[in-house]
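Q: Give me a close look at the aromatic side of this one, please. Start with the ring contacts, then carry on into whatever strand and turn detail you have.

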Amino acid sequence: MKICTLRPHVFLRGAMVLVILGFPLVSLWAEPQPTAKQAASKTPANSTPAPDLDEPPLNFDTRPINLQQGGTSQVWSVAYAPDGKTLAIGTGGQSNNQAGNDIPGALRIWDVVTRKEIAAYPESLSVRCVSYSPDGRLLATGLFDKTTKVRDARTGKTLAVLTGHTDAVNCLAFSLDASLLATASQDKTVKIWDTRTFKERATLTGHANRVLGVAFSPDGRTIATGSQDATARLWDVATGKEKLVLRGHSNPVETVAIAPDNRTVVTGSWDTTIRLWDLESGQEQGSVQAHNNRVDSLAISRDGKTLASGSHDNTVKLWELSTLTEIATLSGHSSLVYAVAFSPDGRTLATGSWDRTVKLWDVSSHKELTTLLDTENAADTAFMVLSTAYSPDGRLLATAGESKVVRIWDAGTRRLRYSLVGHEDVVAGVAFSPDGKTIATAGYDRTVRLWDLAGAGEQTTLAPRFTLPGHTNWIFTVVFSPDGKTLASGSYDKTIRLWDVATGKEKTVLRGHSAAVRALAISQDGKTLASGSSDRTVRLWDLSTYKERERLKEHKGGVRAVAFSPDGKTLASAGEDATIILWDAGTAKQRLTLKQPNANANNPFQSAPEVWTLAFSPRGKTLITGGLDNQIKLWDLVTGKMRATLASHGDAVTTVAIAPGGNQMASGSYDRNIKIWAATTIPMQPLARFGGHRGKILYTAISPDGKIVATCGEDQVVRLTDAATLQASLLKKHTGAVTCAAFSRDGKLLATGSRDKTIKIWSLPDGKELRTLPGHTGEIRHVQFSRDAKTLISAGAEKVVKVWDLAGAGTSPRSSFAGDTAALSADDKLLAVCGEVAGKAGPSGTRIVDLAAGKERLVLPVLTHDARSLLFSPDGAMLVTAGGATPGLRIWDVASGRLRASPQEVAGVVALAISADGKTIATGQSDGLVKLWDTTTWRSRIMLPAHREAITSLAISADNKMLATSSIDGSAKLWQIAGGKSVLAAR
């Protein structure tokens, strides 16, 4: 028999409270009732269509991204609806994205009476502030992504996204008549918006640092603001002019409020004080050292008698407003309190804290009534992860585990999309239907549940369509048949149950195992069900007769995982005996056993680690396993040898899942982490790394035939490198760093731009300087030849785009346009320009200009006003914009100006390139990641961690075979694109 030692663990959730001490335990046929941790099992991944190429060896970036389950989701803000029935809560991380923090946030809506969450709207960054309009129609949120969203308060539908701020939105407030909305930002400004048209009415400037707080006076004539410049200011709403500066605080003013009597302004500061000011004169009327740390939040009751304050000292205090006399201290939060709000009737106070809770207090008795978003039960708290699954299209990732809530994430952006609420205990299994419209879940509450995703919209809290009872003990695993009509579930009750997905009715029960059924898989043809059990067997069942066909007995311990290869010819099984066995699925004969080395080679008595989960790569050439040694292992199924080990988890790996496209892998663990691993697909070695520059490489370009790579450096040199021999020639005439370059379509000319504010045109291959184009007053950021090389466009840092006639001998531009960047269509007829337009107030969308007429033909929506990169498709039908204040990739129809596509799994795009056939777009991100996209589906086909830091340029050769990349890490690399297809291949 096998002897093992269990580590101490305490489980407070689930069907029982169980304390396991570290003592030897004999593993028996009839296993004891397991704990949540012991009972974890892997849901077999859905089989997926194979790609149209031979699969290169699958590899993953060794720097996984940790999927934020919500353990760091602090409460930033709370707001009561005017009727007092609902409470809006804004959550998220600690800082904005400029500080490198991409922790997602959410707007959550709670029913105050039932104390239940009724809706949740995830965001890519923190929701810093929330407010209902006084008439109850609108609900506004200010975000760290620099935008303000205005929703229909009843339906949750987004009515408008207000853009214009250049940094995070810290605070917002509606006027009492709900006609105006004020937003305060870290960009040092306050903006006033018309809530009927959602147009900007005015921008208030004057603060010397971030604006942290904002409030309207009850009569709507005055706005009060607080700032990190240690002042509060009063503004005339009608004129937008500053009326008064309130000086007295010695540190930033975090929060402001105006009393209902329209006479008193209240300010709270990091200097720990609260001060009262006269609204008309600006004279200070009183102050108190309110807390032992900075004052973060203020609220005034509707009758104007009571003031509430929240602080960094973790307390909330109630004050008599007129005298600043302390009434009570409310203690209970374990972290700073950033939000306080009175209910409309003044009887209840809501407080939100960075301890991830919202508490409701009785104002008269000063007693805590309840805690919302508590860490024991909240859906956004990190839990042990037991199961993961990707949707068939790879766009969604489902995670389940110790929490009773199943979460569905956007696999690209890692934003929470849906929360499946209904299970009453640990959820151990999750699976998508083949069409991606249904999710099946199973858990320790002995039920299987089916959930509909079709038409779910923005509403993220979903209820099950069916709850399927029948099992008499914990359920570990679920799997759909390939046609999606049948669902199988395996349980501790030793049975497998088959369910009709359409009706939710039980079809049959398969009996035969003598211990718990831990894993299930169904073959691609839908004819065979494989089951793995703690009875140490794998059984094959005929799904036409529901009879057991084969019993495989080679394992010496319980079987934890089974999976069919994508072609259905191989069955893999693994378990507590630390072995992985590959079986011929047709003959049920053992083909190969993959044996792990002992966990400690110096200790012969320490056995190899148990294997708890496995998954095949999309083409079946790689097997991924995880288990008790906290590691993920990649096995080459051609050689039968372990090819790589990924060590990132701090406890046992319970689940791995591969996205259908093979572009990423998700893993879950007892360490409460979900990690997303980007697939490199190729060994992480480019064809070439370019050196020779003294300093950083700033830009790369590839000649149309792919034979020459131009690299531009800080050393004022352009190096022309032969891609085959890596021999280089140098162009040295610039007197400043060379910042951009472009080849003419025939490869006979090269244009380079520099920080010396000039553009040079060179002949190739002799490298002779033909001419210098002066005229820009800032560094050159972009150059591009027309198809016939008779025209050149350039964009400078001074925000001017110039069009040059190269046919003549002149050195003056033919025309100029206001803009930061530009792109020329392939037929040379259209110019896309992005940037501010002289004489126009506020930002303008990207303009498409008819070059022959010199007139604007189309203006895209304002959200494109500061795009970092532009390019036309080769046929001129599409314009792609990327980056800016509203980050992401957007594809526009040039004829109509309508948005064609906006892929969701994009963030931080700073560079673009398109293949000559228009079938592939490359995007470079601020984190050094490069993605290749299929322009027919707008799905990313590959993710390449090309550089350590932000990408500065991308170039695809005209034959679609080479990709060049450069980065602010100072490096440039050349990659091969296989056969002109949008998949990177090994070399």
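A: Start with Arg-560: in this predicted model, its charged end sits over the ring of Trp-612, 4.4 Å from the ring centre. Arg-518 does something you can describe in similar terms, lying over the face of Phe-476 at 4.3 Å from the ring centre.

Now for rings against rings. The structure holds eight aromatic pairs. One of them joins Trp-76 and Phe-144, edge-to-face, with 5.5 Å centre to centre and 70° between the planes. That pair links distant parts of the chain: Trp-76 belongs to strand E6 (residues 74–80), while Phe-144 is in the loop between strand E11 (138–143) and strand E12 (148–152), 68 residues apart. Are these two rings buried or exposed? Trp-76 has a relative accessible area of 4%, so it counts as buried, and Phe-144 is buried as well, at 4% relative accessibility.

Trp-76 has another ring partner in Trp-354: the centres are 5.0 Å apart and the planes meet at 80°, which is over the 60° cut-off, so this pair is edge-to-face too. Here the sequence gap is 278 residues, from Trp-76 in strand E6 to Trp-354 in the loop between strand E31 (348–353) and strand E32 (358–362). Trp-354 has a relative accessible area of 18%; since that is under the 20% cut-off, it still counts as buried. Step back and you get a cluster, with ring pairs linking Trp-76, Phe-144, Tyr-338 and Trp-354.

From the rings, let's go to a loop. Ser-179 is found between strands E14 and E15, and it is buried, with a relative accessible area of 14%. What does Ser-179 touch, not counting residues up to four places away in sequence? Its contacts are Trp-193, Asp-194, Thr-195 and Arg-196. Pro-134 is 45 residues from Ser-179 in sequence, and their C-alpha atoms are 9.7 Å apart.

The strands on either side of that loop pair up. E14 (residues 169–174) and E15 (residues 180–185) run antiparallel, joined by five bridges, and in one of the residue pairings Ala-173 has Ala-182 in E15 as its bridge partner. E14 is mostly covered, with six of its six residues buried. Five residues lie between the strands of this hairpin, and Ala-178 takes a positive phi near 65°.

Further along the chain, strand E49 (residues 538–542) has a partner in E48 and another in E50. With strand E48 (residues 528–533) the pairing is antiparallel over five bridges, and Leu-529 has Trp-541 of E49 as its bridge partner. With strand E50 (residues 547–552), E49 again runs antiparallel and is joined by five bridges; there, Leu-540 is partnered by Glu-550 in E50. E49 is mostly covered, as four of its five residues are buried.

Both pairings come as hairpins. E48 and E49 have four residues between them, and Arg-536 in that turn shows a positive phi of about 75°. E49 and E50 also have four residues between them, this time with Tyr-546 in the turn at a positive phi of about 60°.

Definitions and conventions. Residues numbered from 1 in each chain as written. Predicted model: local features only at pLDDT ≥ 70, side-chain atom pairs only at ≥ 80, totals over all residues. Heavy atoms only, no water. Buried < 20%, exposed > 50% of the residue type's maximum accessible area, 1.4 Å probe, protein only. Helix = DSSP H or I, 4+ residues; strand = E, 2+ residues; numbered from the N terminus. Pairing = 2+ DSSP bridges. Contact = heavy atoms within 4.5 Å. Phe/Tyr/Trp six-rings, centres within 6.5 Å; stacked < 30°, edge-to-face > 60°. Lys NZ or Arg CZ within 6 Å of the ring centre and 35° of its normal.
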